[in-house]
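Dear colleague,

Please find below the structure I agreed to pass on to you. My findings follow directly after it.

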Amino acid sequence: AAAHAGCFTMAVSFQFSNNGFTPEELRTEALLTMGPVEGKGNTITGILLKLEAKVPGVTDAQLQEFAANAKANCPVSRALSVPITLEVTLV
């Protein structure tokens with residue numbers, strides 16, 4: 001979960017930088033769901049990425065777009081084969 005949060009945060013930071021924004025604060029939590037899967041034992045079954053972002057000048061719509069792009073293109077996200085959901089808050 002920590003690796004995913006770090007990777008996603010870097011990816012979303014690149015989205016801001018590439019679009020002319022400088023984040024003051026990015027806070028990400030990756031909360032995973034784990035449970036028994038038949039024949040596999042305990043397995044990660046989903047991840048919730050929660051981002052709180054303080055970015056001067058960015059709109060909520062831009063923040064949502066940048067976060068969705070980061071989620072889709074983060075190398076850890078691409079390596080996982082579980083549902084990944086996103087909660088994004090502009091502070």
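Glu25, Arg27 and Glu52 are joined in a network of salt bridges; please bear in mind that the model is predicted. Within this network, the contact between arginine 27 and glutamate 25 has its closest N and O atoms 2.4 Å apart. Arginine 27 also meets the side chain of glutamate 52 in a salt bridge, at 3.0 Å from N to O. That second pair links distant parts of the chain, since glutamate 52 belongs to strand β2 and arginine 27 to strand β1, 25 residues apart. As for solvent exposure, arginine 27 is partly exposed, with a relative accessible area of 44%. Glutamate 25 is likewise partly exposed at 33%, and glutamate 52 is partly exposed at 34%.

Over the whole structure, the search finds three salt bridges. One of them brings together the side chains of glutamate 24 and lysine 54, with an N to O distance of 3.5 Å. Glutamate 24 sits in the loop between α1 and β1 while lysine 54 is in strand β2, so this pair ties together parts that are 30 residues apart in sequence. Glutamate 24 is exposed, with a relative accessible area of 53%, where the threshold for that class is over 50%. Lysine 54, at 37% relative accessibility, counts as partly exposed.

Turning to the fold, the protein chain has three helices and three strands, which follow the pattern α-β-β-α-α-β along the sequence. The strands form an open sheet in the order β1-β2-β3, with mixed pairing. Its edge strands are β1 and β3 (84–90), each of which pairs on one side only. On average, neighbouring strands of this sheet are turned by 15 degrees against each other, direction ignored.

Strand β2 (residues 41–54) pairs with β3 in the parallel sense over seven bridges. Isoleucine 47 has isoleucine 84, in β3, as its bridge partner. Helix α2 (residues 60–73) packs on the sheet, where it touches β2 and β3, and its direction makes about 150 degrees with that of β3. Helix α1 (residues 2–18) lies across β1, β2 and β3 and runs at about 140 degrees to β1.

The surface also carries a nonpolar patch, formed by Leu32, Met34 and Ile44, with about 250 Å² of accessible area together. Of these residues, methionine 34 is found in strand β1 (residues 25–37).

Some overall values may be of use for your own work. The C-alpha trace of the protein chain spans about 50 × 20 × 20 Å along its principal axes. The protein chain has 91 residues, of which 32% count as buried. It exposes about 5400 Å², and carbon and sulfur atoms supply 53% of that area. Among contacts in the protein chain with a separation of 6 or more, 64% are accounted for by residues 24 or more positions apart.

With kind regards

Note on methods:
Residues are numbered from 1 along each chain as its sequence is written. This is a predicted model: local features need pLDDT of at least 70, side-chain atom pairs count only at pLDDT 80 or more; totals for chains, interfaces and linings use all residues. Side-chain values use heavy atoms; hydrogens and water are left out. Patches are made of residues with over 30% relative accessible area and no salt bridge: like charges are joined within 9 Å, nonpolar side chains (Val, Leu, Ile, Met, Phe, Trp, Tyr) within 5 Å. Accessible areas come from the Shrake-Rupley method with a 1.4 Å probe; for residues, only the protein chains shown count as cover. A salt bridge is a side-chain nitrogen of Lys or Arg within 4 Å of a carboxyl oxygen of Asp or Glu. Helices (H or I, at least four residues) and strands (E, at least two) are DSSP runs, numbered from the N terminus. Two strands pair if DSSP finds at least two bridges between them. Axes are lines fitted to C-alpha atoms, for helices over the stretch in contact, and angles run from 0 to 180 degrees between N-to-C directions. Contact means heavy atoms within 4.5 Å. Buried means under 20% relative accessible area, exposed over 50%, partly exposed in between (1.4 Å probe, protein chains only).
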